[in-house]
Amino acid sequence: MATGALVRQDAVLETRQLSVSYGGVDSLADVDLRVGVGEIVGLIGPNGAGKTTMIDALSGFVRPKRGRIEFLGHEINTWPAHRRARSGLTRTFQSIESFEPLTVRANLLAAGEAHRRRRPLRDRLRGRGDEVEQRVDTMLGLFALGDVRDAFPPDLPYGIQKLVGLAMALMIEPSVILLDEPAAGLDDPAVAVLTEQLRRLRDDGLGLLLVDHDMDLVFDLCDRVYVLDFGRLIFEGEPEAVRSNERVRIAYLGTPAPTGGAAT
């Protein structure tokens, strides 16, 4: 069953020669990356490779040293984080970001109302409160959160809190969502729910950039995968090509390709 009109259909995010520096050291160096309409793109690499720095730069939490970020045809290098989110570029966090002391349902309502208040007045007057309510109910169903709708997020298992955070990010009707370790702390049933819903969102036209240490999840879900090492892009391709590439295996997995393998 499709999710319906949950996302806009014009998602496109691209970086050109993107570099971020901390203390004179490049955490990202000349990275070109693209997320298209209805596409799940993976971003992997060892710890310290620059994955979260990339998400921070794309979402407006750090300023690039050089290079260009384009979203929906606009250069957004100087846009603050709230403007990017309002325009449809949003993210999740490794840590839990929720409004306290509100229930799961109230957190989703708050996220939806905050986005609605940023719309032009004429759009808000034309809209109805039940529009946000309906979207909340949709999110509760998508991520199997109905049984915890009246619970407080800090009282829930960490993995369920992560699903609440993802549902909150989707309440703002994004075109592209940046996922920072969404499967961390999830048990197998929760990962299955996450996987199914990310596929549905992709099929509805959402662009997704996925950073996660669960390589089975990344290779199963992603249409393309970028590999970072020490802030530099070392490979990009379809999951099977990434999995079998010797340079990737050495940098990320720490092992060369098996003898007779298809390393390139």
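Helices α6 and α7 are roughly parallel to each other in this predicted model. Helix α6 covers residues 158-170 and helix α7 covers residues 188-203. Two packed helices are described by the angle between their axes and the distance between the axes. For α6 and α7 the angle is about 15° and the axes are 12 Å apart. Angles under 35 degrees count as roughly parallel, which is why this pair falls in that class. The crossing of the two helices is left-handed.

The residues that meet can be named. From α6 come L163, L166 and L170, and from α7 come A190, L194, L198 and L201. This contact is made of seven nonpolar residues, with no polar and no charged ones. An α-helix has 3.6 residues a turn, so residues three or four places apart point the same way. With that in mind, the reader can look again at the numbering of L163, L166 and L170 in α6, and at A190, L194, L198 and L201 in α7.

These two helices belong to a chain with ten helices and ten strands. The protein chain has 264 residues, and 51% of them count as buried. Its exposed area is about 12000 Å², of which carbon and sulfur atoms supply 50%. Among contacts with a separation of 6 or more, 66% join residues that are 24 or more positions apart.

Helix α1, residues 51-59, is a case of burial. Eight of its nine residues are buried, so the helix is largely enclosed by the rest of the structure. The buried residues are K51, T53, M54, I55, D56, A57, L58 and S59. After α1 comes G60, with a positive phi near 95°.

Some single residues show how parts of the chain come together. T90 sits in strand β6, residues 89-91. With a relative accessibility of 10%, T90 counts as buried. Leaving out residues up to four places away in sequence, T90 touches A169, I172, P174, V176, I177 and L178. Of these, A169 falls within the residue range of α6, 158-170.

D212 lies in a loop, between β8 (207-211) and α8 (215-221). Is D212 buried or exposed? At 4% relative accessibility, D212 counts as buried. Its contacts, apart from residues up to four places away in sequence, are L43, I44, E181, P182, A183, A184, L217 and V218. One of them, P182, is 30 residues from D212 along the chain, yet the C-alpha atoms of the two are separated by 6.8 Å.

R224 is in strand β9, residues 224-229. R224 counts as buried, at 16% relative accessibility. Setting aside neighbours within four places in sequence, R224 is in contact with R34, V35, E39, I40, V41, G42, E236 and G237. The C-alpha atoms of R224 and G42 are separated by 6.2 Å, although the two residues are 182 apart along the chain.

The last point concerns the backbone. Most residues other than glycine have a negative phi, and most peptide bonds are trans. L72 has a positive phi, near 55°, and is not a glycine. L72 is found in the loop between β4 (66-71) and β5 (74-75), and is partly exposed, with a relative accessible area of 24%. F230 is another residue other than glycine with a positive phi, near 50°. F230 is placed in the loop between β9 and β10 (232-237), and at 69% relative accessibility F230 counts as exposed.

Conventions
Residues are numbered from 1 along each chain as its sequence is written. This is a predicted model: local features need pLDDT of at least 70, side-chain atom pairs count only at pLDDT 80 or more; totals for chains, interfaces and linings use all residues. Side-chain values use heavy atoms; hydrogens and water are left out. Axes are lines fitted to C-alpha atoms, for helices over the stretch in contact, and angles run from 0 to 180 degrees between N-to-C directions. Helices (H or I, at least four residues) and strands (E, at least two) are DSSP runs, numbered from the N terminus. Angles under 35 degrees count as roughly parallel, over 145 as roughly antiparallel, 65 to 115 as roughly perpendicular and the rest as oblique. A crossing is left-handed if the near helix is turned anticlockwise from the far one by less than a right angle, and right-handed if clockwise. Contact means heavy atoms within 4.5 Å. Ala, Val, Leu, Ile, Met, Phe, Trp, Tyr, Cys and Pro count as nonpolar, Asp, Glu, Lys and Arg as charged, and the others, Gly among them, as polar. Buried means under 20% relative accessible area, exposed over 50%, partly exposed in between (1.4 Å probe, protein chains only). Accessible areas come from the Shrake-Rupley method with a 1.4 Å probe; for residues, only the protein chains shown count as cover.
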